[in-house]
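Okay, thanks everyone for coming. Let me put the structure up and then walk you through a few spots.

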Amino acid sequence: MSKRIVIAIDGPAGAGKSTIARGLAGRLGFLFIDTGAMYRAVALWAVRTGAGLDDMHRLEQLARAADIQFQDGNSRVLLNGEDVTAEIRDPGMAEAASKVSMVPAVRRAMVDLQRRMAQENSVVMEGRDIGTVVFPEAEIKVFLDAAPAVRAERRAADLRAKGLEVAPEALAREIAERDHRDRTRAEAPLVQAPDAIYLDSTGLSIAEVQEEILKIVRSKVSNGKEVLR
């Protein structure tokens with residue numbers, strides 16, 4: 001298929017966006033773009049260089065200069081040629097990335113980069129404002145949600161898998177704070193696009209969520225075929 005397709009998956013922290021989007025991209029042969037990883041990469045560079053997370057001018061400079069790439073089936077994140085996949089997943093980077101993403105100029109820089117990435121590939125892109133700001137014209141838009149307690153438990157499971165243990169109360173508080181920042185920021189707040197399909201993943205497995213989204217994809221663009229190129 002020659003036409004480039006954009007699948008936009010938005011939703012709050014812990015809803016399972018990255019896992020679902022990565023799996024979908026693999027099944028469809030699309031490029032997976034983890035926008036959260038992009039903000040984490042900028043935050044990592046800021047922390048490394050000693051830039052204040054409230055220094056909007058410096059953060060914009062870093063965001064504009066950052067060379068961010070996804071490689072090896074989208075499993076590796078490169079920042080200026082360096083593999084930072086593991087480092088950006090440090091628990092502290094989530095908080096730093098949330099603050100960095102509130103800077104309007106940083107968001108504009110990342111949106112420009114995300115759009116360039118999608119010019120040459122059909123993509124599955126997940127984040128907070130993909131269907132509303134980055135690709136308001138996307139063919140498929142999904143707003144993926146889950147109950148706050150489930151989102152906190154998923155985040156805890158991710159950390160345990162990495163050998164880290166965090167108190168459930170602390171995780172729940174962190175997610176609530178991120179939800180508040182995401183929904184109330186002036187630039188591109190987290191909202192469901194009017195034409196996005198709402199999908200609650202609370203009681204669904206990863207495979208079930210992927211299948212629900214694949215049904216939407218098939219109905220809109222593939223005439224029943226699963227793999228699109």
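Let's start with a strand: along β3, residues 68-71, which side chains point to one face, and which to the other? Before I answer, please keep in mind that this is a predicted model. So, I68 and F70 go to one face and are buried, while Q69 and Q71 go to the other and are not buried. That fits the general picture: in a regular strand, side chains alternate between the two faces of the sheet.

Now, what does β3 pair with? It runs antiparallel to β4, and four bridges join the two. If you want to find the register on your screen, Q69 has L78 of β4 as its bridge partner, and F70 stands opposite V77 in β4. Zooming out, the sheet is open and has three strands, in the order β3-β4-β5, with antiparallel pairing. The edge strands are β3 and β5, since each of them pairs on one side only.

While we're here, look at the loop between β4 (76-79) and β5 (82-83), where you'll find N80. Its phi is near 55°, so we have a positive value in a residue other than glycine. Is N80 buried or exposed? Well, N80 is in between: its relative accessible area is 37%, which makes it partly exposed, because buried would need under 20% and exposed over 50%.

Okay, on to the core. I68, which we just met in β3, comes back here: the largest nonpolar core has 42 residues, and I68 is among those with the most contacts inside it, along with I33, M38, V106, M110 and F135. The helix that gives the most to this core is α2, residues 35-49, with nine residues. Apart from that core there's another one, of 22 residues, which includes L24, A25, V124 and V221. As for V106, leaving out residues up to four places away in sequence, it touches Y39, L59, E60, A63 and V100.

L24 and A25 bring me to helix α1. Its buried residues are K17, I20, A21, L24, A25 and L28. Why do I say they sit on the same side of α1? Because they cover an arc of only 130° around the axis. The length of α1 works out too: it has 12 residues, 17-28, and at 1.5 Å a residue they should span 16 Å, which agrees with the 16 Å between its end C-alpha atoms. Just after α1 comes G29, with a positive phi of about 75°.

Next, a serine. S101 is in the loop between α4 (91-100) and α5 (104-119). S101 has a relative accessible area of 6%, so it counts as buried. A polar atom of its side chain lies 2.8 Å from the backbone oxygen of S98. Not counting residues up to four places away in sequence, S101 touches Y39, R107 and R185. Y39 should sound familiar, as V106 touches it as well.

Last stop: T184, in helix α8, residues 168-184. There's a side-chain to backbone pair here too, with a polar atom of the T184 side chain 2.5 Å from the backbone oxygen of H180. And T184 and M102 are 82 residues apart along the chain, with their C-alpha atoms separated by 9.8 Å.

That's my tour, happy to go back to any of it.

Note on methods. Residues are numbered from 1 along each chain as its sequence is written. This is a predicted model: local features need pLDDT of at least 70, side-chain atom pairs count only at pLDDT 80 or more; totals for chains, interfaces and linings use all residues. Side-chain values use heavy atoms; hydrogens and water are left out. The expected span of a helix is 1.5 Å times one less than its number of residues. Buried means under 20% relative accessible area, exposed over 50%, partly exposed in between (1.4 Å probe, protein chains only). The arc is that of the directions from the helix axis to the C-beta atoms. A polar contact is a pair of N or O atoms within 3.5 Å; within protein, one must be able to donate a hydrogen and the other to accept it, and residues adjacent in sequence count only if both atoms are side-chain atoms. Contact means heavy atoms within 4.5 Å. A nonpolar core is a set of buried Ala, Val, Leu, Ile, Met, Phe, Trp, Tyr and Cys residues joined through side-chain atoms within 4.5 Å. Two strands pair if DSSP finds at least two bridges between them.
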